[in-house]
Amino acid sequence: VENQIVGDCSKDMIFGFSTGALIAYQIAAQIKFRLALICSISSILGKDLLLYPQQEVEKIFSTSQIKELSEMSYQQSISPIALFYGTLETFEVINRTKKLHTSFGGDLISVIKTKHKLSKNYQEAIKKYLASKEL
């Protein structure tokens, strides 16, 4: 993905939700953006996969994918980040989001009474955040 982004991105924003948030986060650790909006990030890198039942992980990922994901890690973003999560999401998603905030900083925003869905409530929280930043 990094090779497909050409030119200066320092005035651009990158957005991702769920697995897309994981991809956006990894890209924002390599490329400088004006802002990275990371929403309900999937917790599947490094030791995170150990949080899930092994049978469930093996239903979703191949053995080689599990090995590759287990060897990856979350890095410090070189872009400013805003980390969003819904308060009704799984423990794994909420915990990963809070750990990223604790380890690497950024703004942490909880979206009240929201599950793992880019609902209207979630979209409104993003709009409110962006308006507060005058972006």
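## A predicted chain of helices and strands

The chain contains 5 helices and 4 strands, in a model that is predicted. Followed along the sequence, these elements come in the pattern β-α-β-α-α-β-α-β-α. For a chain of 135 residues, a compact globule would be expected to have a radius of gyration near 14 Å, and the value of 15 Å found for this chain agrees with that expectation. Taken along the principal axes, the box filled by the C-alpha atoms is roughly 45 × 40 × 25 Å.

Of the 135 residues in the chain, 42% are buried. Among the contacts with a separation of 6 or more, 63% are made by residues that stand 24 or more positions apart. The accessible surface of the chain is about 8100 Å², and carbon and sulfur atoms account for 54% of that area. As for charge, the chain carries 16 positive and 13 negative side chains, and the centres of these two sets lie 8 Å apart.

### The nonpolar cores

In soluble globular proteins, nonpolar side chains tend to be buried together. In this chain the largest nonpolar core holds 24 residues, and those that touch the most other members are Tyr25, Phe33, Ile38, Ile41, Leu49, Phe61 and Tyr74. Two or more residues of this core come from each of the elements α1 (19–28), β2 (35–39), α3 (63–71) and β3 (81–86). The element that gives the most to this core is α1, with 6 residues.

Ile38, one of the residues just named for touching the most other members, can serve as an example of how distant parts of the sequence meet. Once its neighbours within four places in sequence are left aside, Ile38 is in contact with Gly16, Ala21, Ala24, Tyr25, Ala82, Leu83 and Phe84. There is also a second, separate core of 13 residues, and its members include Phe17, Leu37, Phe84 and Leu130.

### Two serines with positive phi

Most residues other than glycine have a negative phi. Which values of phi do Ser18 and Ser40 have? Ser18, although it is not a glycine, has a positive phi of about 65 degrees, and for Ser40, likewise a residue other than glycine, phi is positive and near 55 degrees. Ser18 is found in the loop between β1 and α1, while Ser40 lies in the loop between β2 and α2, the helix of residues 54–60. Ser18 counts as buried because its relative accessible area of 17% is under 20%. Ser40 is buried as well, with a relative accessible area of 0%.

### Residues at and around the elements

Four further residues, Asp12, Met13, Leu88 and Gln55, help to place other parts of the chain. Asp12 lies in the segment before β1, and its relative accessibility of 36% makes it partly exposed. Leaving aside neighbours within four places in sequence, Asp12 is in contact with Phe33, Arg34 and Leu35. Met13 belongs to strand β1, which covers residues 13–17, and at 38% relative accessibility Met13 counts as partly exposed.

Leu88 is located in the loop between β3 and α4, where α4 spans residues 91–104. With a relative accessible area of 47%, Leu88 is partly exposed, and, not counting residues up to four places away in sequence, Leu88 touches Lys113, Thr114 and Lys115. Is Gln55, by comparison, buried or exposed? Gln55, which is found in helix α2, is exposed, with a relative accessible area of 63%.

Each of these four residues can also be set against a partner elsewhere in the chain, and the table gives the separation of each pair along the sequence and in space, C-alpha to C-alpha.

| Pair | Separation in sequence | C-alpha to C-alpha distance |
|---|---|---|
| Asp12 and Gln65 | 53 residues | 31 Å |
| Met13 and Lys113 | 100 residues | 26 Å |
| Gln55 and Ile78 | 23 residues | 36 Å |
| Leu88 and Lys98 | 10 residues | 14 Å |

Two of these pairs show how separation in sequence and separation in space can be read side by side: Met13 and Lys113 are 100 residues apart along the chain with their C-alpha atoms separated by 26 Å, whereas Gln55 and Ile78 are 23 residues apart in sequence and 36 Å apart in space.

How values were computed:
Residues numbered from 1 in each chain as written. Predicted model: local features only at pLDDT ≥ 70, side-chain atom pairs only at ≥ 80, totals over all residues. Heavy atoms only, no water. Rg over C-alpha atoms; globule rule 2.2 N^0.38 Å. Buried < 20%, exposed > 50% of the residue type's maximum accessible area, 1.4 Å probe, protein only. Contact = heavy atoms within 4.5 Å. Areas by Shrake-Rupley, 256 points an atom, 1.4 Å probe, with all protein chains shown as cover. Lys, Arg positive; Asp, Glu negative; His and termini not counted. Charge placed at Lys NZ, Arg CZ, Asp CG, Glu CD. Core = buried A, V, L, I, M, F, W, Y, C linked by side-chain atoms within 4.5 Å.
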